[in-house]
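Open your viewer, load the chain and keep the selection box at hand. We will go from stop to stop, and at each one you will hear what to select and what is there.

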Amino acid sequence: MKNIEELKSTGLKATLPRLKILDIFQNGAQRHMTAEDVFRVLLEERSDIGLATVYRVLTQFEQAGILIRSNFESGKAVYELNEGQHHDHFVCTSCGKVEEFYDPEIEKRQQSIAKSKGWIVHDHSMALYGQCAECAVKAK
């Protein structure tokens, strides 16, 4: 019931594809997903929702503020639930894993640098690229 109300509060009708895709983001093991990742989960669930519908719903969710889209160096859009909390990302260049982090010292330093340059920052995103712990071990 919560998902239906959440969709209605954004002005979207609670259709089966929207409910299933929202559930994947809210209850799935993976927090950052491409459209293809979502489609793969739907296929595993034997759902008959097509890839074009997945793209359409993800775009609608982004426009409604339910999801946030990031474009990392892979060139693919990666979506995550918009939980209203700022965070930055580590992106593994080997396997594509995305991990969130928040560091108040980094945030303060960015504001300090912006202020020293006369900038007023409204928003920002930061992604650090490298190898995740698993890939770094494999590479040794």
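## First stop: the cysteines

The structure holds zero disulfides, a disulfide being a pair of cysteine sulfur atoms within 2.5 Å. This is a predicted model, in which local features need pLDDT of at least 70 and side-chain atom pairs count only at pLDDT 80 or more, while totals for chains, interfaces and linings use all residues. Residues are numbered from 1 along each chain as its sequence is written, and side-chain values use heavy atoms, with hydrogens and water left out.

Select Cys95 and Cys92. The closest cysteine sulfur to that of Cys95 is in Cys92, and at 3.7 Å it is too far for a bond. Cys95 is partly exposed, at 48% relative accessibility; here buried means under 20% relative accessible area, exposed means over 50%, and partly exposed is in between (1.4 Å probe, protein chains only).

Now select Cys135 and Cys132. Cys135 is in no disulfide either, as the nearest cysteine sulfur, in Cys132, is 3.6 Å away. Is Cys135 buried or exposed? Cys135 is buried, with a relative accessible area of 10%.

## Zoom out: the whole chain

Switch to a cartoon view. You should find six helices and five strands, where helices (H or I, at least four residues) and strands (E, at least two) are DSSP runs, numbered from the N terminus. In what order do they come along the sequence? The pattern reads α-α-α-α-β-β-β-β-α-β-α.

If you draw a box along the principal axes, the C-alpha atoms fill roughly 50 × 45 × 25 Å. Turn on a surface, and the chain exposes about 9,400 Å², with carbon and sulfur atoms supplying 52% of it. Such areas come from the Shrake-Rupley method with a 1.4 Å probe, and for residues, only the protein chains shown count as cover. Of the 140 residues in the chain, 29% are buried.

A contact map is worth a look too, with contact meaning heavy atoms within 4.5 Å. Among contacts between residues at least 6 apart in sequence, 46% join residues at least 24 apart.

## Helix α2 and its partners

Select residues 16–27, helix α2, together with residues 35–44, helix α3. Their axes are 11 Å apart and the helices pack at an angle of about 105 degrees. Axes are lines fitted to C-alpha atoms, for helices over the stretch in contact, and angles run from 0 to 180 degrees between N-to-C directions. That makes α2 roughly perpendicular to α3; angles of 65 to 115 degrees count as roughly perpendicular, under 35 as roughly parallel, over 145 as roughly antiparallel and the rest as oblique.

Show the side chains at this contact: Lys20, Ile21, Ile24 and Phe25 come from α2, and Val38, Val41 and Leu42 from α3. They divide into six nonpolar, no polar and one charged. In this scheme Ala, Val, Leu, Ile, Met, Phe, Trp, Tyr, Cys and Pro count as nonpolar, Asp, Glu, Lys and Arg as charged, and the others, Gly among them, as polar.

Keep α2 and add α4. Here the axes come within 10 Å and cross at roughly 70 degrees, which makes α2 roughly perpendicular to α4. On the α2 side, pick Pro17, Arg18, Ile21, Leu22 and Phe25; on the α4 side, pick Thr53, Val54, Val57, Leu58, Gln60 and Phe61. This contact has eight nonpolar, two polar and one charged residue.

Stay with Pro17 in helix α2. Pro17 is partly exposed, at 21% relative accessibility. Leaving out residues up to four places away in sequence, Pro17 touches Ile49, Thr53 and Val57.

## A loop residue: Arg46

Select Arg46, in the loop between α3 and α4 (51–64). Its phi is positive, about 60 degrees, although Arg46 is not a glycine. Most residues other than glycine have a negative phi. Arg46 is exposed, with a relative accessible area of 77%.

## Last stop: Tyr129

Finish at Tyr129, in strand β5 (residues 127–130). Which residues does Tyr129 contact, leaving aside neighbours within four places in sequence? They are Phe72, Glu73, Val91 and Thr93. Tyr129 is partly exposed, with a relative accessible area of 34%. Add Glu105 and draw a C-alpha distance: the two are 24 residues apart along the chain and separated by 20 Å.
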